[in-house]
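Colleague: I'm new to this one, so could you walk me through it and tell me how you back up each label?

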Protein chains: 2
Amino acid sequence: AFSGTVAAAVYMSLKPYMDKKDQKDQLVNLRIQKESSKVVNMADIEDLGNKVCYCRCWRSKKFPLCDGSHAKHNEDTGDNVGPLVLKRKDV
Amino acid sequence: AFSGTVAAAVYMSLKPYMDKKDQKDQLVNLRIQKESSKVVNMADIEDLGNKVCYCRCWRSKKFPLCDGSHAKHNEDTGDNVGPLVLKRKDV
Ligand code: FES
Ligand code: FES
């Protein structure tokens, strides 16, 4: 019974790490430009304006810009992704 | 036999759409700041320099910057994600 308790304790302490390792690397982008071998977006820094949010969840209907769709993705999956926000200091 | 052929043709024409719908929305970010409820990064436009690449695959060891890790992720999974590249026109 004692060795069973020890085994259970060891298992419970290791489980979070095993779970993390078990998460397979899967598709990040389900729908955007799937005919392209690699979706790279370019922007000129001079043209960025005062503030812009870029999508990093690949769920935005306005990709490459963020439209807030990360919120539903995070809620549906338990994920924690969000945009890259670029802004001018003086605004 | 004819209706079987028709059924097969219909099935084959719809299969790509069914496959797409079957792809479950899963975690995009497996490891970065998982203690945070939403990972948002901010940058000042004035400080961007001449060229910078931001990661959108969430696999970079230099996140939020791209370190090229998207290549292995794409190869391992068949995905097609890549960075956001910001650059000045005059360089
Ligand atoms: S919609 Fe993708 S990060 Fe906001
Ligand atoms: S390392 Fe993530 S996009 Fe390049």
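**Bridges, copies and surface**

Modeller: Let's start with a salt bridge, between the side chains of Lys34(B) and Asp79(A), at 3.0 Å from N to O. Keep in mind that this is a predicted model.

Colleague: What makes the pair of Lys34(B) and Asp79(A) one that joins two chains?

Modeller: Lys34(B) sits in the loop between H1 and E1 of chain B, while Asp79(A) sits in the loop between H2 and E3 of chain A, so the pair joins two chains. As for the label, a Lys nitrogen has to be within 4 Å of an Asp carboxyl oxygen, and the value here is 3.0 Å.

Colleague: Is Asp79(A) buried or exposed, and how do you know?

Modeller: Buried means under 20%, and Asp79(A) has 5% relative accessibility, so buried is the word. Its partner Lys34(B) comes out at 29%, so Lys34(B) counts as partly exposed.

Colleague: What about Asp25(B) and Arg59(A), what do their side chains do?

Modeller: They meet in a salt bridge too, at 2.9 Å from N to O. Asp25(B) is in the loop between helix H1 (2-22) and strand E1 (39-44) of chain B, and Arg59(A) is in the loop between strand E2 (51-54) and H2 of chain A, so that pair also joins two chains. Arg59(A), at 16%, counts as buried, whereas Asp25(B), at 28%, is partly exposed.

Colleague: Where do Asp76(A) and Lys72(A) lie?

Modeller: Both are in helix H2 of chain A, 4 residues apart, or about one turn of the helix. Their side chains form a salt bridge at 2.7 Å, N to O.

Colleague: Why is Lys72(A) called exposed?

Modeller: Exposed means over 50%, and Lys72(A) has 56%, so the label fits. Asp76(A) has 47%, so partly exposed is the right term there.

Colleague: How do you know how the two copies are related?

Modeller: A rotation of 179° with 0.1 Å of shift along its axis puts chain B on chain A, with an RMSD of 0.3 Å. The copies are therefore related as by a two-fold rotation axis. They use the same surface, too: 100% of the contact residues of chain B recur in chain A.

Colleague: Which residues make the nonpolar surface patch?

Modeller: Phe2(A), Val6(A), Val10(A) and Leu14(A), giving about 380 Å². Phe2(A) belongs to helix H1, and its 66% is why Phe2(A) counts as exposed.

Colleague: And how confident is the predictor in chain A?

Modeller: The mean pLDDT of chain A is 91, with 90% of its residues at 70 or more. For the complex, the predictor gives an ipTM of 0.79 and a pTM of 0.78.

How values were computed: Residues are numbered from 1 along each chain as its sequence is written. Chains are lettered from A and ligands numbered from 1 in the order in which they are written. This is a predicted model: local features need pLDDT of at least 70, side-chain atom pairs count only at pLDDT 80 or more; totals for chains, interfaces and linings use all residues. Side-chain values use heavy atoms; hydrogens and water are left out. Patches are made of residues with over 30% relative accessible area and no salt bridge: like charges are joined within 9 Å, nonpolar side chains (Val, Leu, Ile, Met, Phe, Trp, Tyr) within 5 Å. Accessible areas come from the Shrake-Rupley method with a 1.4 Å probe; for residues, only the protein chains shown count as cover. Buried means under 20% relative accessible area, exposed over 50%, partly exposed in between (1.4 Å probe, protein chains only). Copies are superposed by least squares on the C-alpha atoms of residues with pLDDT of at least 70 in both. Contact means heavy atoms within 4.5 Å. pLDDT is the predictor's confidence in each residue, from 0 to 100.
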